[in-house]
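Open your viewer and get ready to click along. Each stop on this tour suggests what to select next and says what is there.

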Amino acid sequence: LGALDQASALDWMNGPIRDIYYLGVQDNRMVIAYRGMGSVYIKNHRHLREYHDSNWMGKNRKYGNYECHYAEFPLISFPQNIQVVGNTLPHSGWRGYVRKPAVETWASVSIASNGFPTSQSLWSNKSWY
């Protein structure tokens, strides 16, 4: 039973990228939360590179939710409409082998002039569930 509890507690770390949410701006960075193994990028802003100056434990402490990954990106000009796209890393997990999906999960976000979302819609690839 203990192994099952531990496996389900770590479920957010495995599988394809999913549940992508733009959280807003903090410390002059755009913050995006997501679940799964891999990364996210901002379509039409591929030149933006995710900051890698802190580890996942530091980001969990900073943002307070221990059931997702956080990506921090440089600011862009606001208001703006963006599309955040998952980039799944193929891997083996407790549910078996996870391959890169033919179509990744993505979120469409409208961002106000203050950097916070006014609306979000998510297209999620549910083939892993």
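## Start with a salt bridge

Select R35 and E67: the two form a salt bridge, and their closest N and O atoms are 3.9 Å apart. R35 sits in strand β2 while E67 sits in the loop between α2 and β4, so this pair ties together parts that lie 32 residues apart in sequence. R35 counts as partly exposed because its relative accessibility is 26%. E67 is also partly exposed, at 44% relative accessibility. Please keep in mind throughout that this is a predicted model.

While you are in the loop between α2 and β4, click on N65, which has its place there. N65 is partly exposed, with a relative accessibility of 33%. Now add A33 to the selection: N65 and A33 are 32 residues apart in sequence, and their C-alpha atoms are 9.4 Å apart in space.

## Step back for the whole chain

Zoom out and colour by secondary structure. The protein chain has 2 helices and 9 strands. Following the sequence, you will meet them in the order α-β-β-β-α-β-β-β-β-β-β. The chain has 129 residues, and 41% of them count as buried.

## More salt bridges

How many salt bridges does a search of the whole structure find? The search finds 8.

For the next one, select D53 and R29, whose side chains meet in a salt bridge at 2.6 Å, N to O. This pair links distant parts of the chain: D53 is in the loop between β3 and α2, R29 is in strand β2, and they are 24 residues apart. Are the two partners buried or exposed? D53 is exposed, since its relative accessible area of 53% is over the 50% cut-off. R29 is buried, because its 15% relative accessibility falls under the 20% cut-off.

Keep D53 and R29 selected and add D27, K62 and E72. These five, D27, R29, D53, K62 and E72, are linked in a network of salt bridges.

Then move to K59 and E50. Their side chains meet in a salt bridge as well, at 3.6 Å, N to O. Here K59 is buried, and E50 is buried too.

## Into the largest pocket

Leave E50 on display, because E50 is among the residues closest to the centre of the largest pocket, the next stop. That pocket has a volume of about 290 Å³. Its lining is made of 20 residues, and those closest to the centre are Y34, S39, V40, E50 and H52. Select these five and centre the view on them.

Which elements each supply at least two residues of the lining of the largest pocket? They are β3 (38-43), α2 (56-63) and β4. The largest share, 4 residues, comes from β3. If you colour the lining by class, you will find 8 nonpolar, 8 polar and 4 charged residues.

## A nonpolar patch on the surface

Switch to a surface view and select Y21, L23 and L122. Together they make a nonpolar surface patch of about 260 Å². L23 belongs to strand β1, and its relative accessibility of 42% makes it partly exposed.

## Backbone details

For the last stops, show the backbone and check some torsion angles.

Begin in strand β1 (residues 18-26), where D19 has its place. Phi of D19 is near 50°, which is a positive value in a residue other than glycine.

Next, go to D27, which you met in the salt-bridge network. D27 lies in the loop between β1 and β2 (29-35). Its phi is positive, about 55°, although D27 is not a glycine. D27 counts as exposed, because its relative accessibility is 52%.

Finally, select F78 and P79. Is the peptide bond between them cis or trans? The bond from F78 to P79 is cis, with omega near 0°. P79 is in the loop between β4 (69-73) and β5 (80-88).

Conventions. Residues are numbered from 1 along each chain as its sequence is written. This is a predicted model: local features need pLDDT of at least 70, side-chain atom pairs count only at pLDDT 80 or more; totals for chains, interfaces and linings use all residues. Side-chain values use heavy atoms; hydrogens and water are left out. Buried means under 20% relative accessible area, exposed over 50%, partly exposed in between (1.4 Å probe, protein chains only). On a 1 Å grid over the protein atoms alone, a cavity is a set of points where a 1.4 Å probe fits but cannot get out, and a pocket is an open set with protein on both sides within 12 Å along at least five of seven lines; lining residues have an atom within 4 Å of a point. Grid points are joined across faces, edges and corners, and a volume is the space filled by probe spheres set on the points. Ala, Val, Leu, Ile, Met, Phe, Trp, Tyr, Cys and Pro count as nonpolar, Asp, Glu, Lys and Arg as charged, and the others, Gly among them, as polar. A salt bridge is a side-chain nitrogen of Lys or Arg within 4 Å of a carboxyl oxygen of Asp or Glu. Patches are made of residues with over 30% relative accessible area and no salt bridge: like charges are joined within 9 Å, nonpolar side chains (Val, Leu, Ile, Met, Phe, Trp, Tyr) within 5 Å. Accessible areas come from the Shrake-Rupley method with a 1.4 Å probe; for residues, only the protein chains shown count as cover.
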